[in-house]
Amino acid sequence: MTTQRDLDMVHLRLILVSGKTQDFTFSPNDSATDIAKHVFENWPAGWEEETVSSSSILRLIFQGRFLHGNVTLGALKLPPGRTTVMHLVARETLPEPNSHGQRNREKTTESNCCLLL
């Protein structure tokens with residue numbers, strides 16, 4: 001039976017670079033940092049080969065953008081009660097916010113491409 005609390009929660013399906021997935025449930029008030037800490041502290045069975053040393057290097061990617069630490073699921077306007085897919089990667093640093101947009105405004109013939117497998 002689905003409760004109102006379940007309908008108010010945000011369901012995330014996190015995908016590792018290896019392709020392994022795991023579903024988690026969070027409050028709309030949870031931030032990217034909160035999610036990284038929770039996943040690190042509750043590392044799924046089956047993800048042993050991808051174990052990381054600290055939650056501080058876990059990064060979420062949503063719609064092609066890294067989520068910075070204090071952004072909440074509610075701020076992303078994710079639909080409560082439904083499952084949203086995000087990528088989870090281990091990375092020490094993040095690009096600065098809007099750095100991709102700045103690069104697009106600069107006139108260059110250089111092409112940048114990224115492929116997530």
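How many aromatic pairs does a search of the whole structure find? The count comes to 3, and one of these pairs is a handy way into the fold. Keep in mind as we go that this is a predicted model.

Let's look at Phe24 and Trp47. A pair of aromatic rings is described by the distance of the centres and the angle of the planes. For Phe24 and Trp47, the ring centres sit 6.5 Å apart and the planes make an angle of 65°, so this one is edge-to-face, the cut-off for that class being over 60 degrees. Phe24 belongs to strand β2, while Trp47 is found in the loop between α2 and β3, so the pair ties together parts that lie 23 residues apart in sequence. Are these two residues buried or exposed? Phe24 has a relative accessible area of 9%, so with the cut-off at under 20% it is buried. Trp47 also counts as buried, at 1% relative accessibility. The two rings have company, too: Phe24, Phe26, Trp43 and Trp47 make up one aromatic cluster.

Now step back to the sheet that β2 is part of. It is an open sheet of 5 strands, running β2-β1-β5-β3-β4 in order, and its pairing is mixed. Why do β2 and β4 each have a side without a neighbour in the sheet? Both β2 (21-26) and β4 (65-66) stand at the edges with a single partner strand each, so one side is left open in each case. For β2, there is an antiparallel pairing with β1 (residues 10-15), made over 6 bridges. If you want a spot to click on, His11 stands opposite Thr25 in β2.

Against this sheet packs helix α2 (residues 32-41), which touches β1, β2, β3 (58-62) and β5 (83-90). The direction of α2 makes about 125° with that of β2.

Follow the chain from α2 towards β3 and you'll come to Ser55, in the loop between the two. Ser55 is buried, because its relative accessible area of 18% falls under the 20% cut-off. Which residues does Ser55 contact, leaving aside its neighbours within four places in sequence? They are Ala36, Lys37 and Phe40.

Finally, a word on confidence. The mean pLDDT of the protein is 84, with 74% of its residues reaching 70 or more. Among the elements, α2 has the highest mean pLDDT, 97, and helix α3 (residues 99-105) the lowest, 48. Over residues 101-108 the pLDDT is below 50, and this stretch has 1 contact in the model beyond near neighbours in sequence.

Technical notes. Residues are numbered from 1 along each chain as its sequence is written. This is a predicted model: local features need pLDDT of at least 70, side-chain atom pairs count only at pLDDT 80 or more; totals for chains, interfaces and linings use all residues. Side-chain values use heavy atoms; hydrogens and water are left out. Two strands pair if DSSP finds at least two bridges between them. Helices (H or I, at least four residues) and strands (E, at least two) are DSSP runs, numbered from the N terminus. Contact means heavy atoms within 4.5 Å. Axes are lines fitted to C-alpha atoms, for helices over the stretch in contact, and angles run from 0 to 180 degrees between N-to-C directions. Buried means under 20% relative accessible area, exposed over 50%, partly exposed in between (1.4 Å probe, protein chains only). pLDDT is the predictor's confidence in each residue, from 0 to 100. Rings of Phe, Tyr and Trp (its six-membered ring) pair if their centres lie within 6.5 Å; planes under 30 degrees apart count as stacked, over 60 as edge-to-face and the rest as tilted.
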